[in-house]
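Ready for a few warm-up exercises? Have a look at the chain below, try each task yourself, then walk through the solution.

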Amino acid sequence: MSAMRKIQITPGVYWVEIPEAELFILCACPADSVKHLMKRGLILEMEVKGVRCESGPNAILLSDVLLQNGHFANLAEFPVLQMLYRQGLILPNHPNNTGKRPLLIGSAEQVSSQMKYILRGNYGLLSSEEIQETGVPPNVAEAMMRLKLRFAFGQIRGFDELLDSCIVGNEAVELRHGVWIRRLDMNVFAFDYQGETVTVDLNLPPGEGYESPYPLGFHHIKREYFAVIHSGEGDGWDINRPSMASILMYQGKLYLIDAGPNVLGSLMALGIGVGEIEGIFHTHAHDDHFAGITTLMRGGRRIKYFATPLVRASVTRKLKALLSIREEEFSHFFDVHSLKSEVWNDFEGLEIKPILSPHPIETTIFVFRTLAEDGYRSYAHFADIVSLSVLQGMVTEDSSQPGLSSVDYEWIRKKYLMPATLKKLDIGGGLIHGNAEDFRHDHSNKIILCHTALPLTGKQREIGSSAPFGATDVMIASHTDFARRAAMEYLRSYFPSAPDHQLAGLVNNEVVSFNPGTIILREKERHPELWLVLTGSVEGIRADLNLYTIITAGGMLGEMSALHNTVATMTLRATTFVQALRIPQRVCLGFVKKNNYYDQMVRLYEGRSFLQGTTLFGEVIPYPKQNELAQVMTTRSYQAGEVVDLENHNLGIIRHGALEEFIGHEVFATLGARECFGEEEAVFDIPPIYGLRAVEDTEVCEIPGHLLRDIPIVRWKLFEAIEKRRRRILHANPFGLFSWHWRDEYSIGVRRIDHQHIRLFELGGLVLQAVNQGLDRKAVHHALHKLMDYAVLHFREEEILIRKCGFVGYKEHRKRHRELLLEMEGITSRVLGGHGDQEMQGFSSFFERWLVEHILIEDSQYGKFLNNSGVY
């Protein structure tokens with residue numbers, strides 16, 4: 001009988017168990033991985049020595065790459081919570097608490113990232129000072145920390161105290177009890193035990209995402225004036241329903257309230273494209289309300305982000321821990337709108353009141369209202385809240401002790417019971433969730449109970465209603481045709497110079513609804529109309545070419561076949577409920593002829609087709625934005641051997657031919673057709689450290705970089721491309737290892753700072769050399785502290801210089817220095833604490849990130865500023 005068993009849970013996720021070695025390993029942990037394990041019977045309710053608990057994994061293997069096809073591959077927060085609390089691995093006197101800590105396995109970078117992210121996910125902001133940075137008065141910040149510490153049982157503990165880690169580098173490493181793991185390739189691992197080998201490949205196939213653990217069906221949602229779509233009533237453990245969430249409709253526009261796991265699947269089930277989302281109201285950063293945030297960050301435009309500065313700081317710090325992006329990058333992905341707590345904030349007639357809610361991390365509940373004929377109609381979204389009995393148990397008048405005052409308790413109780421037209425409540429129970437009984441005498445018109453995996457009890461059903469996925473509560477009905485209003489806006493973006501009365505003529509045609517799976521246009525057939533998508537998503541299919549595209553609201557279907565009276569070049573099929581405006585061919589041709597739009601439409605179509613064929617632009621870019629880019633796109637030719645201009649602030653895309661990346665005499669990569677270059681200077685104002693030259697005669701398309709900076713999906717992909725390129729250059733040696741060798745191309749153009757960077761390289765290399773040569777602890781200690789002392793000196797001089805010269809990013813840069821020093825102090829103490837081999841891999845990974853993210857990106861930005869100010 002085999003000693004090891006492997007089960008595929010879902011694409012890119014596996015379970016490996018070695019019972020004899022007491023190892024049960026979850027391999028990759030995307031959102032909702034715990035729910036998948038529950039569904040597969042790998043997490044079971046059980047009783048151990050009279051104590052009810054769960055079975056489950058005791059180790060997690062992290063993906064080498066955090067993001068796969070736009071989805072988080074590593075979200076260990078809920079799997080770790082399941083191990084620590086639901087299995088009881090750290091609960092005092094629990095029979096499963098044997099002293100063995102759960103194990104986090106992976107690259108040094110991913111293990112470090114997950115430790116920080118789990119810390120932020122459990123505690124949010126970590127000090128009164130961090131809270132005060134958001135504008136909270138000192139006395140309020142201290143009161144918030146008192147309550148936070150009460151939830152944390154008196155102290156905030158780093159998760160490296162609760163979890164063991166195993167760093168997987170280039171060599172095989174033992175996990176426990178004779179089980180070894182080795183990396184075969186990027187994201188491919190082998191487990192070895194007693195002569196047996198099991199291999200897991202955590203790479204997702206191109207174009208695939210992580211599966212949802214539950215089916216949601218399809219729903220056709222009518223746009224209303226003021227209404228709530230119920231898009232989640234479960235919690236982070238509910239295997240049948242999405243976590244608590246809602247979609248607020250106001251004047252026909254759609255606003256998410258939180259973005260939990262599988263938010264894209266929820267939207268598709270509701271017939272809503274990501275591009276139709278106007279904004280998000282964010283309550284807090286627990287994964288069941290946060291894990292879908294990257295879906296919104298990868299859209300074709302910045303959606304509005306509404307939160308108090310307090311909640312936003314908690315969210316951005318958690319994202320920073322996960323993605324290693326600077327906090328200020330958040331505003332490039334979202335149109336940030338700060339809300340004031342405890343007051344009504346007016347946004348285009350919708351009034352929003354965020355109310356601070358007691359919770360382990362920074363949380364606000366929301367009340368929304370707008371005027372109707374009989375006064376205000378309101379919706380209260382209370383996620384997450386805490387039961388009044390739990391809060392009463394935390395009351396203390398001793399301000400030196402964790403807890404809250406009786407005055408604060410009474411204030412919270414009154415806020416909870418504020419009546420509303422519709423109120424949606426967290427009744428999850430336990431230490432950090434609400435209790436339906438607290439609202440038995442609530443005077444709201446209607447109460448919805450949710451945030452629980454359990455069926456409602458009889459007493460709960462007396463208090464409130466339930467709401468199935470896709471149900472809608474309408475508070476003010478619509479008497480406006482929002483679909484035709486959207487059609488007018490989309491057409492105006494296509495034809496900005498056309499008179500309104502002519503656009504109105506196009507809009508005055510039939511709006512048709514299509515069921516999911518319906519073929520709208522079939523390849524190689526003629527169609528006497530074109531279609532303008534108003535809601536939902538349409539899939540374009542050329543199966544013979546393995547070509548699949550998604551067209552969302554605002555996209556045109558069949559425009560060229562209608563203009564030329566030719567057959568369609570691909571099949572177009574509704575993936576959700578779709579509404580589309582049918583524009584007859586004759587009406588379209590008359591409009592085009594009258595306004596001389598034929599040449600423009602052909603040119604834009606050809607430009608869009610080229611962009612859609614690239615990996616950079618072939619995903620969820622709105623058609624109006626594609627048209628804008630196609631309109632300004634120009635072409636440029638390079639002869640074989642000619643060096644490419646990388647300082648013209650344009651992004652280049654190779655139409656045909658090839659370019660090679662080089663530094664000096666070394667070539668690092670060759671770029672081919674439809675690949676991009678020049679993003680450093682064009683989009684991020686970062687001087688490139690490499691050159692490009694034509695391998696053969698090459699034609700490129702160029703787009704002005706300033707048009708791309710605030711397209712979230714484009715910025716995201718280009719930032720990933722920069723990091724990959726810089727790592728490729730840094731690892732350019734026969735073994736693919738990080739090179740500690742300084743190159744002149746790393747220069748930021750300021751001589752004194754460059755000399756200091758060279759010295760940092762030398763000192764970092766000496767640390768690694770001391771360990772590799774097996775020198776004693778005293779020698780390693782000396783090398784580490786020499787590097788640390790010099791880093792302090794360098795940071796101080798750098799800060800003085802950029803402050804003196806008026807660099808606008810001075811405060812953030814100084815803050816980044818403090819973070820780097822704290823991280824280095826932690827690594828130094830762990831290296832000297834006896835975990836040499838594991839921690840030296842962590843040190844190497846840390847120093848590489850320091851170089852890639854700080855010196856080559858952040859320092860190069862102020863270097864350019866100083867050069868422009870005459871400092872060299």
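**Exercise 1.** Which residue in S40 does Gly652 stand opposite?

*Solution.* Keep in mind that this is a predicted model. Start with the strands: S37 covers residues 650–656, S40 covers residues 676–677, and the two pair in the antiparallel sense over 2 bridges. Now look across from Gly652, and you'll find Phe677.

Next, turn to another partner of S37. Strand S42 (residues 698–704) also pairs with S37 in the antiparallel sense, this time over 6 bridges. Here Leu651 stands opposite Ile703.

**Exercise 2.** Find Arg655 and work out whether the residue is buried, partly exposed or exposed.

*Solution.* First, place the residue: Arg655 sits in strand S37. Then check the relative accessible area, which is 33% for Arg655. Buried needs under 20% and exposed needs over 50%, so Arg655 comes out as partly exposed.

What does Arg655 touch, once neighbours within four places in sequence are set aside? The contacts are Phe610, Thr635, Ala673, Glu699, Val700 and Cys701. Take Glu699 from that list: Arg655 and Glu699 are 44 residues apart in sequence, yet their C-alpha atoms lie 5.5 Å apart in space.

**Exercise 3.** Lay out the open sheet that contains S1 and S10, and say which strands stand at its edges.

*Solution.* Write down the order to begin with: 6 strands, running S1-S2-S3-S6-S9-S10, with mixed pairing. Strand S1 (5–10) and strand S10 (164–167) are the edge strands; each has a single partner strand, so one side of each has no neighbour in the sheet. From one strand to the next, the twist averages 20°.

Now zoom in on one pair. S9 (residues 103–106) and S10 run parallel and are joined by 4 bridges. In this pair, Leu104 stands opposite Ser165 of S10. Helix H3 (residues 108–123) packs on the sheet, where it touches S9 and S10, and its direction makes about 140° with that of S9.

Finish with a residue of that helix. Gln110 is found in H3, and with a relative accessible area of 7% it is buried. Beyond its neighbours within four places in sequence, Gln110 is in contact with Leu62, Ser63, Asp64, Val65, Leu66 and Asn74.

**Exercise 4.** Check the length of helix H14 against the 1.5 Å a residue rule, then see what the helix packs against.

*Solution.* H14 takes in residues 482–494, which is 13 residues. The rule counts one less than the number of residues, so the expected span is 18 Å. The end C-alpha atoms are 19 Å apart, which agrees.

At the start of the helix, a side-chain oxygen of Asp481 comes to within 3.2 Å of the backbone nitrogen of Ala483. The buried residues of H14 include Phe482, Met488, Tyr490 and Tyr494. The partners for its buried residues are helices H15, H18 and H19 along with strands S30, S33 and S35.

**Exercise 5.** Step back and ask whether the radius of gyration of the chain agrees or disagrees with that of a compact globule.

*Solution.* For 872 residues, a compact globule would have a radius of gyration near 29 Å; the protein chain has 29 Å, so the two agree. Its C-alpha atoms fill a box of roughly 85 × 80 × 70 Å along the principal axes. The chain has 25 helices and 42 strands, and 58% of its residues are buried.

Technical notes:
Residues numbered from 1 in each chain as written. Heavy atoms only, no water. Buried < 20%, exposed > 50% of the residue type's maximum accessible area, 1.4 Å probe, protein only. Contact = heavy atoms within 4.5 Å. Polar contact = N/O pair within 3.5 Å; in protein donor to acceptor, adjacent residues only side chain to side chain. Pairing = 2+ DSSP bridges. Axes fitted to C-alpha atoms, helices over the stretch in contact; angles between N-to-C directions. Rg over C-alpha atoms; globule rule 2.2 N^0.38 Å.
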